Structures are given as C-alpha cells and as structure tokens.
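Dear colleague,

I am handing over the structure we spoke about, and below it you will find an account of what turned up in it. Please read the text with the structure open beside you.

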Amino acid sequence: MIEDKFCVTLSENNFTACYQMAKDAKLAELRLDLVHLPEPELKKLFALKTKFIATYRSGKTNEAKRKDLLKKTIDLGADYIDVEIDSNPDFQKEILGYAKGKNVKQLSPTTILRQHRHCLNYKQLLIPPKN
C-alpha cells in the first residue's frame, strides 16, 4: 500500500497530541529532541499498532543524553532508529550496534519519505497510481 511509504512526525511536546496523531498512522517518527515524554507515556505510544521511528537530532543536547534516550526508546519498543549520517562515527557505531542487538532496524537516507504534519495531513495525501 502507498500509505506504508509515508510517515507522520510527532514533534509536539504533548502526549495527547502525539497519541492522537500516531493512533491512526501506520508509521510515525518520534522526534525525541522535540518531544519530552516520561517513560509511562512513551510506553503507551509504543503499545499502539503504529510502527515507530526513534529520532534524536544532534545539536540540541550532549551526545551522552542523546545516546541514553535513543537506547531507552529502543528498549521501550521503537521499530526503527534514525541516526544522521554525519553523526560522530563512534556514536553511530554504538547506537546502531545496540539497535541491531535488539532487532531494531536502522534507516538509510533513502529508506523513507517523511511526511511532516505541518505540511500536509498524511490522510489527505493522494498520489495517482502509475500507469
């Protein structure tokens, strides 16, 4: 299905807003650098049937905090991990190795087309079939 190729981005620092957006999505990117939810709320999100991508963009905090939170979301149930290609190689190696050990997939830059909430609601996106 075409919808499997689109993703909603959860970037509001509000559990209810994130939950409402994620509950009907097939795929959601959780922007950990923008959304600061306690563990019980993260568990509720990951309990949805939605597949989740855990993302924590660099530059907003130190690498140790970023690494700890990415590992925590991997442990809580993230399905995919998105690490920037220009991240520190040691950081990449540790996070991606940790994810692989937990059977969490890593994303390559061409794996996913991100559909951001503020651009267009993913349910409204219509793409005609190829002839």
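The chain holds four helices and six strands, and it should be said at the outset that this is a predicted model. Followed along the sequence, these elements come in the pattern β-α-β-α-β-α-β-α-β-β. Of the 131 residues in the chain, 40% are buried.

A good place to begin is strand 1, which covers residues 6–10 and includes Phe6. Phe6 has a relative accessible area of 10%, and because buried means under 20%, Phe6 counts as buried. In sequence Phe6 lies 22 residues from Ala28, while in space the two are 8.6 Å apart, taken from C-alpha to C-alpha.

Next come the helices and how they pack. Two packed helices are described by the angle between their axes and the distance between those axes. Helix 2, which spans residues 39–46, and helix 3 have axes that come within 10 Å and cross at roughly 50 degrees. That angle makes helix 2 oblique to helix 3, and the crossing of these two helices is right-handed.

How, then, do helix 3 and helix 4 pack? Helix 3 (residues 63–76) and helix 4 (residues 89–101) meet at an angle of about 10 degrees, and their axes are 10 Å apart. Angles under 35 degrees count as roughly parallel, and helix 3 and helix 4 are therefore roughly parallel to each other. Helix 3 also passes helix 4 in a right-handed crossing.

There is a contact between a charge and a ring to look at as well: the charged end of Lys71 sits over the ring of Tyr98, at 5.2 Å from the centre of that ring.

Turning to the aromatic rings, the count comes to two aromatic pairs. In one of them, the rings of Phe15 and Tyr19 have their centres 5.6 Å apart and their planes at 45 degrees, so this pair is tilted. Both residues belong to helix 1 (residues 15–22), where they are four residues apart, or about one turn of the helix. Are these two residues buried or partly exposed? Phe15, at 17% relative accessibility, counts as buried, whereas Tyr19, with a relative accessible area of 27%, is partly exposed.

The rings of Phe46 and Phe52 also pair, with their centres 5.1 Å apart and their planes at 90 degrees, so that the pair is edge-to-face. Phe46 is buried, having a relative accessible area of 11%, and Phe52 is likewise buried, at 0% relative accessibility.

Finally, a word on the cysteines. A disulfide is a covalent bond between the sulfur atoms of two cysteines. How many disulfides does the structure hold? The number is zero. As for burial, Cys7 counts as buried at 0% relative accessibility, and Cys18 is buried too, with a relative accessible area of 1%.

If you would like a short route through the model, you could start from Phe6 in strand 1, go on to the right-handed crossing of helix 2 and helix 3, and then look at Lys71, whose charged end sits over the ring of Tyr98.

With best wishes

Conventions: Residues are numbered from 1 along each chain as its sequence is written. This is a predicted model: local features need pLDDT of at least 70, side-chain atom pairs count only at pLDDT 80 or more; totals for chains, interfaces and linings use all residues. Side-chain values use heavy atoms; hydrogens and water are left out. A disulfide is a pair of cysteine sulfur atoms within 2.5 Å. Buried means under 20% relative accessible area, exposed over 50%, partly exposed in between (1.4 Å probe, protein chains only). Rings of Phe, Tyr and Trp (its six-membered ring) pair if their centres lie within 6.5 Å; planes under 30 degrees apart count as stacked, over 60 as edge-to-face and the rest as tilted. A charge sits over a ring if NZ of Lys or CZ of Arg is within 6 Å of the ring centre and within 35 degrees of the ring normal. Axes are lines fitted to C-alpha atoms, for helices over the stretch in contact, and angles run from 0 to 180 degrees between N-to-C directions. Angles under 35 degrees count as roughly parallel, over 145 as roughly antiparallel, 65 to 115 as roughly perpendicular and the rest as oblique. A crossing is left-handed if the near helix is turned anticlockwise from the far one by less than a right angle, and right-handed if clockwise.
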